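The following exercises concern aromatic contacts, backbone exceptions and strand pairing. Each task is followed by a solution in steps.

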Amino acid sequence: MAQPVAIGLNRTLQCNQTKRSRPLRIQIFVFSHDGGCHTCCNINHCMSAENMCQAPAIDKIKESSVSDTSNQNEISYAAPIQSIINSAARLAPNLQPHCNNTSPKTGNNKDTSLCSLRKMPWLPWIIALIVVAIIEIGFFNLGYWRTHQLPAVTQGAPEVGAGLRSLGNDEYEIIKPSEATITVPISSASDAGPVYVGSVRVMENTSPDTQQVAFAIKTPGKDGRWVDARESDGAWEAPRHTLWYSNLPSSQMLLFGTKRSIYEGVSARITFLGDQGLKVAFSGMQVNATIPFTINSIRLCMELIAAAFFVVFRPSSRIYRMRVNTKSARQNIALAIYILACTATLTYIARLTNTHVFESLGNFWIDTEQYQRLGDALIRGHTWLDLPVDPQLANMPNPYSFYDRTELVQQHGMQYFWDHAYYDGHYYCYFGVVPAVLLFVPFQLLTGEWMPTWLALGVFFAIASLFGTLLVRTMAQKYFPNTSLGIIWLSIIGLGLGTNLFTYARRSDFYGIPITAAIAFVFAGLWFWIKSKREDGTVSIPLVMAGSFCMALLLGTRPQFLAAWVLAFPIFWDEIFQRRTLFSRMGFGATVSAIAPFAVVAVPILAYNYVRFHSILNFGQSYNLTGYDMTSRHASPYLMPRVLFNALFQPISTCSEFPFITMVDTYVEAPNEPSLGGYFAVAPIAIFALFTWIVRRQLANHNVWGIAITTVTVACIVVFVDSYISGTTMRYYGDSGYLFILAAILTIFAYANSDSLYDTNFAQETLNTGAVSSIGLRTLIVVVEIAVCITAIITFLGMFTQGLLGSWNNQIPALFDEVKSWFIGLTA
């Protein structure tokens, strides 16, 4: 039996253009795939990597010379390589399939583990299901396993401490915090003696508000003492081991935990932690309560999705031997399911978090329905919002001064609306008008009702998910046709996580509408533009016109996204400067089609600006009534390094308790909001954008170096401008995140194609074995998988982080407490 052979021929050739000597390497490999054998040749030279793959396998090879055509831009070696392949083909009958590697002497089967695994494709799925069962039954029900065998307890009547005054209906008022206690006598149900305490449930049935209590047990005897749950088994303490509970059952359980000794108690006590005058609720206490065993359907679905992800995208998966096929029904169905799942998930989250706030917060009023009011105003025939203007605001010399407004509010009770543009006696919405025209106005005309914010976000989530997914697949097909389907799918998932859409779903309000709409329009525009390019150098007029129309809409959606217009030049570089099919006489029709939509959209939007602010280029953001005067503020250039660090690289902060991620310290003497960290910290998949320069040659070989470097450059400019004008907030990550993530995806594609075997048979749905078996590619797969997983984990846990604007523990406490209860087994 002949073993696989690898023979290399090294030649040093002179490259005419670079004037550098580089080795030419020819490698012949024997691979076994599905019971057959393949011969693969890998040639590297100074111009590019050319690769060929043929069947069948070889046992020996005749050396052949390689010609150096130094007067040409490319090196020709098809003929000598073909002679090698022909020599090898004559030797093919001498080889047996690698999987049938049986020793003629012993008859033992050797090296069959890989083949055996290929014959059992269901095995990874079985293992994954077993892991899911262990996690669901064991890990997430750890609280049940810790409490289901606790001894039964007999409880006496509750004794209310002197620090509480009963208000009736299970409600109390704290009048003396040090004595705000409720004590319950306890004993063993079996022998009426002291009882071991492992858990407690504090119940109340009236108030949805949370209240904090500390729990303790009293040991028996004259020297009995109160052992607090905040104690530990050493010199340290656990001051945060208290119970925040409400009328939600999932919030009412507390594990007592391990202490310095195994204590048995005769009394159990809760102490309300609050100031005098605080009203609390208490309906009962159950000592040694069993935490229920539950199989949560949503949690189980998440576990199954995670398991499927690891099985489908494991490095040895068949998906890395497949290429994109737009005619494949299975691939298209998978694509449709993914887009629908993303849209449904984002829209469902937005629906959960959608709130209507129109109230005074003391110093100012909050109105979360600016787009609804803008749509209503346009229907009524004017551009200002129908909101009352306080005469004191109208008479102010400078209404944009935060301190002057605050002084009038405190001294004379003036009222104004926060984050509204104010100009010439009217309130305006300074956010882009396009979403109002496209969605809110038609919805109100058709239904007579205002369109819910979550529904508008859902529409733009759907458009962004659709065209973002199509954009990644089209870039791979057009520029990197040898990229495996697995790499493309990992990039698609990374795009969905890295564009900040979950941030706008987590806090569903008008702030997210223009940015989400802009992301949707820019993905659609880029897809139409790239799709319009033809092999002969011309462009499809309908597609280029559609792309330009989508890009033009950015002018009336969010001005920061106008930076994406610059991408037209690297995308159509060949058509503009090489083949002259755009911006030339030959391409007059296509040029008009590319430019006309910008004029059609720009004219009414600029006129809209002039009607409101007497300037076609004034979108109204400088007239915003916010925490500083935007008409005159100039940020300190000395603070910009700190501000940019917060915006891009501030690491996330973790803790040992749910949700395991906390807010970071973003303090700087500039505008800022609570944050989870810099963009690259919360979306690690985008870090690949920082390595674009390293793979510049591969990107140039695939004609996307211009696109990649432009996206990174423009993204950095947008981050700087955002940070200089408006400071740091996670909302602004969407302004540049789509650019960083696109650059990251192109970099991933370049890495994936840097050492793969070149296969020109694009009609074949599967890639050759050598193209997906290199250590470099498998390492890349693992790194990308880890980056996607970490980004997904941060995205999920970040939605539950407390202290952010719109924190879920206050906005949707039922969901917060439910998910928090999944990890109760890890406490104490």
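**Exercise 1.** Determine whether Phe660 is buried, partly exposed or exposed, and describe its backbone.

Solution. Step 1: the relative accessible area of Phe660 is 21%. Step 2: the classes are buried under 20% relative accessible area, exposed over 50%, and partly exposed in between, with a 1.4 Å probe and protein chains only. Phe660 therefore counts as partly exposed. Step 3: although Phe660 is not a glycine, its phi is positive, at about 70°. Step 4: Phe660 belongs to the loop between strand 24 and strand 25; helices (H or I, at least four residues) and strands (E, at least two) are DSSP runs, numbered from the N terminus.

The model is predicted: local features require pLDDT of at least 70 and side-chain atom pairs pLDDT 80 or more, while totals for chains, interfaces and linings use all residues. Residues are numbered from 1 along each chain as its sequence is written, and side-chain values use heavy atoms, with hydrogens and water left out.

**Exercise 2.** Identify which peptide bond is cis, and locate its proline.

Solution. Step 1: the bond from Phe658 to Pro659 is cis, with omega near 10°. Step 2: Pro659 is placed in the loop between strand 24 (653–654) and strand 25 (661–662).

**Exercise 3.** Describe the backbone, place and burial of Asn288.

Solution. Step 1: Asn288 is not a glycine, yet has a positive phi of about 60°. Step 2: its place is the loop between strand 19 (284–287) and helix 5 (297–312). Step 3: Asn288 has a relative accessible area of 8%, so it is buried.

**Exercise 4.** Classify the ring pairs Tyr430 with Phe431 and Phe800 with Phe816.

Solution. Step 1: rings of Phe, Tyr and Trp (its six-membered ring) pair if their centres lie within 6.5 Å; planes under 30 degrees apart count as stacked, over 60 as edge-to-face and the rest as tilted. Step 2: the whole structure contains 54 aromatic pairs. Among them, Tyr430 and Phe431 are stacked, at 4.3 Å centre to centre and 25° between the planes. Step 3: Tyr430 is buried at 17% relative accessibility, and Phe431 is buried at 7%. Step 4: Phe800 and Phe816 are 6.4 Å apart centre to centre with 45° between the planes, a tilted pair. Step 5: Phe800 is in the loop between helix 24 (775–798) and helix 25 (808–811) and Phe816 in helix 26 (residues 813–821), so the pair ties together parts 16 residues apart in sequence. Both Phe800 and Phe816 are buried.

**Exercise 5.** State which arginine lies over the face of Trp822, and give the cluster that includes this ring.

Solution. Step 1: a charge sits over a ring if NZ of Lys or CZ of Arg is within 6 Å of the ring centre and within 35 degrees of the ring normal. Step 2: Arg299 lies over Trp822, 5.2 Å from the ring centre. Step 3: one aromatic cluster includes Trp822, Phe658, Phe660, Phe800 and Phe816.

**Exercise 6.** Find the pairing partners of strand 9.

Solution. Step 1: two strands pair if DSSP finds at least two bridges between them. Step 2: strand 9 pairs in the antiparallel sense with strand 5 (residues 153–155) over three bridges, with strand 6 (residues 159–160) over two, and with strand 17 (residues 267–272) over five. Step 3: Ile182 of strand 9 stands opposite Val160 and has Ile270 as its bridge partner in strand 17. Step 4: seven of the eight residues of strand 9 (residues 181–188) are buried.
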